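Q: Got a minute to go through this one with me? Quick questions, quick answers.

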Amino acid sequence: MTVAGINCGSTTSYSCVFATGTYNLVRNADYDGRGDNTYGSDITDEGFAWDETGTFDQIASSTGSATKVVDDEVLMMHFASTPSITTPFGAYTAQADFVAVATY
Amino acid sequence: MRKIKTQYLLSLLTVLIIMAITISVSLVQALQLTDRSMLVSTPQPSATATHTFNFTYVSASSTGSLAFQYCTSPVFDYPCSAPAGVDVTGASISSQSGNTGFSVDGINTTNNRLVLTRTPAVAATVPSQYVIANVTNPSTAGQSIYVRITTYASIDGSGAFIDNGAVAFATVLPFNIGANVPPFLQICVAITVAPDCSTTSGDSVNLGTLSTSSVRFGTSQFSVGTNSISGYTTYVQGTTMTSGNNAITALSSQTPSFPGNSQFGINLRDNSNPNVGTDPFGSGSGTPTANYNTPNLFKYTSGDSIAQSTLPSDYNRMTVSYIVNVSSSQPPGVYASTFTYLATATF
């Protein structure tokens with residue numbers, strides 16, 4: 001999984017433009033798509049990670065931003081998988097829980 | 001006149017007392033717990049979860065109990081409406097830090113209000129954490145839930161609270177990702193192939209002019225991989241080398257190379273006589289079949305299985321060595337043959 005980009009929705013309380021890097025919800029390095037502020041359109045130039053340890057892995061945070069509130073910023077997630085030649089055939093599934101933690 | 005003055009003084013005293021009470025009340029007003037947050041081990045509706053609360057005490061007051069009340073609103077001035085399905089009656093404390101010594105008050109705990117009790121002690125104004133296990137999450141998906149946290153001087157969560165503050169979490173259905181892996185059986189054949197079949201090169205071998213005194217030889221390669229649980233079998237099919245009606249005798253059993261005799265054969269090993277071929281390469285479980293797995297012994301029978309695996313196998317690259325000898329009675333001509341390599345797997 002990777003976060004290919006940040007989609008600024010109807011953000012009104014501050015300026016949100018993904019292309020210029022002016023958004024508050026910053027992706028973690030392991031999940032930052034192409035590593036810049038351009039949407040990944042080809043999975044071959046994106047970095048992917050998947051943590052199956054059972055503990056939550058942080059994928060994005062606004063705590064490091066000057067403005068920490070988040071107003072309608074959408075994480076655009078890409079999922080990709082590749083079997084090896086010996087991967088048994090059949091249907092495969094994975095399940096993920098997403099939680100957000102805020103400090104008041 | 002004296003009576004009026006006395007009444008005035010009484011009125012003034014009353015006002016001062018009211019002001020004093022007001023000031024006194026404002027001095028003991030509840031403070032907001034700071035750095036409040038909560039983390040749920042799973043946000044799935046109705047799941048049994050562990051809820052971890054973090055906050056910093058603000059008032060250094062004698063504290064005998066804590067309450068965590070699950071509501072649909074964080075505003076303390078509003079009555080608490082319990083989210084459907086939430087149940088903390090079976091909750092237990094997994095760990096606690098900061099201000100410690102609490103245990104679950106089973107008597108005063110209700111479905112949506114968890115009370116922790118301890119022997120009253122002055123709270124240290126430090127970050128504290130309470131990890132609460134066996135909480136049944138609310139049953140409605142996509143709902144924002146608020147937990148009102150309050151500290152009390154009493155040991156049963158009753159009376160006026162000392163400090164308070166709310167935190168929030170949301171119930172979220174699990175996100176599923178699905179994919180299908182098809183049956184794989186990949187084979188590539190060429191003069192040279194990459195072990196993973198990513199590249200191939202060449203489709204013919206020229207053995208040059210045949211001789212009665214020395215063997216002529218050449219090689220080709222194939223690579224096979226499969227995810228069949230029973231593995232694969234690779235076959236070779238084609239006539240021996242022919243020129244019109246003339247043929248070079250195929251070796252029907254494993255035989256060394258003898259120049260001066262009519263011989264055509266193959267094997268899949270690194271040979272020294274003649275010096276041709278390479279042993280199988282790759283991490284798969286494929287191996288040459290017995291008839292083609294002995295260095296310096298060659299055989300060829302059309303339709304023979306030449307390599308196999310009985311397990312799912314990563315790619316194995318096999319090098320096929322061809323040897324040709326002719327006798328002095330071999331009619332002249334251009335001798336050639338076409339071979340087809342076939343792999344089968346059972347799924």
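What follows is a short chat about chain B and its contacts with chain A.

Q: What kind of model is it, and how are things numbered?
A: This is a predicted model; local features need pLDDT of at least 70, side-chain atom pairs count only at pLDDT 80 or more, and totals for chains, interfaces and linings use all residues. Residues are numbered from 1 along each chain as its sequence is written, while chains are lettered from A and ligands numbered from 1 in the order in which they are written.

Q: OK. How many helices and strands in chain B?
A: Chain B has 1 helix and 23 strands. Both are DSSP runs numbered from the N terminus: helices are H or I with at least four residues, strands are E with at least two.

Q: What box does chain B fill?
A: Roughly 160 × 35 × 30 Å for the C-alpha atoms, along the principal axes. The radius of gyration of chain B is 44 Å, where a compact globule of 347 residues would be near 20 Å. That radius is taken over C-alpha atoms, and the globule rule is 2.2 Å times the number of residues to the power 0.38.

Q: Which domains does chain B have?
A: An automatic or database domain assignment sets the bounds. It gives domain 1 (31-170) and domain 2 (185-345) in chain B. Their C-alpha centres lie 75 Å apart.

Q: Any sheet worth a look?
A: Take the open one in chain B: 4 strands, order 2-3-8-5, antiparallel pairing. Strands pair if DSSP finds at least two bridges between them.

Q: Which strands stand at the edges?
A: Strand 2 (34-40) and strand 5 (92-97) of chain B. Each has a single partner strand, so one side of each lacks a neighbour in the sheet.

Q: And inside that sheet, how many bridges between strands 3 and 8 of chain B?
A: 8 bridges, antiparallel, between residues 48-56 and residues 127-136. Phe55(B) stands opposite Ser128(B) of strand 8.

Q: Switching to the interface. How many residues touch?
A: 22 residues of chain A contact 32 residues of chain B. Contact means C-beta atoms, placed from the backbone, within 7 Å.

Q: What classes are on the chain A side?
A: 14 nonpolar, 7 polar and 1 charged. Nonpolar is Ala, Val, Leu, Ile, Met, Phe, Trp, Tyr, Cys and Pro; charged is Asp, Glu, Lys and Arg; the others, Gly among them, are polar.

Q: Which strands bridge the two chains?
A: Strand 5 (residues 90-96) of chain A and strand 11 (residues 175-181) of chain B run antiparallel, joined by 7 bridges. There, Ala94(A) has Ile177(B) as its bridge partner.

Note on methods:
Two residues are in contact if their C-beta atoms, placed from the backbone, lie within 7 Å.
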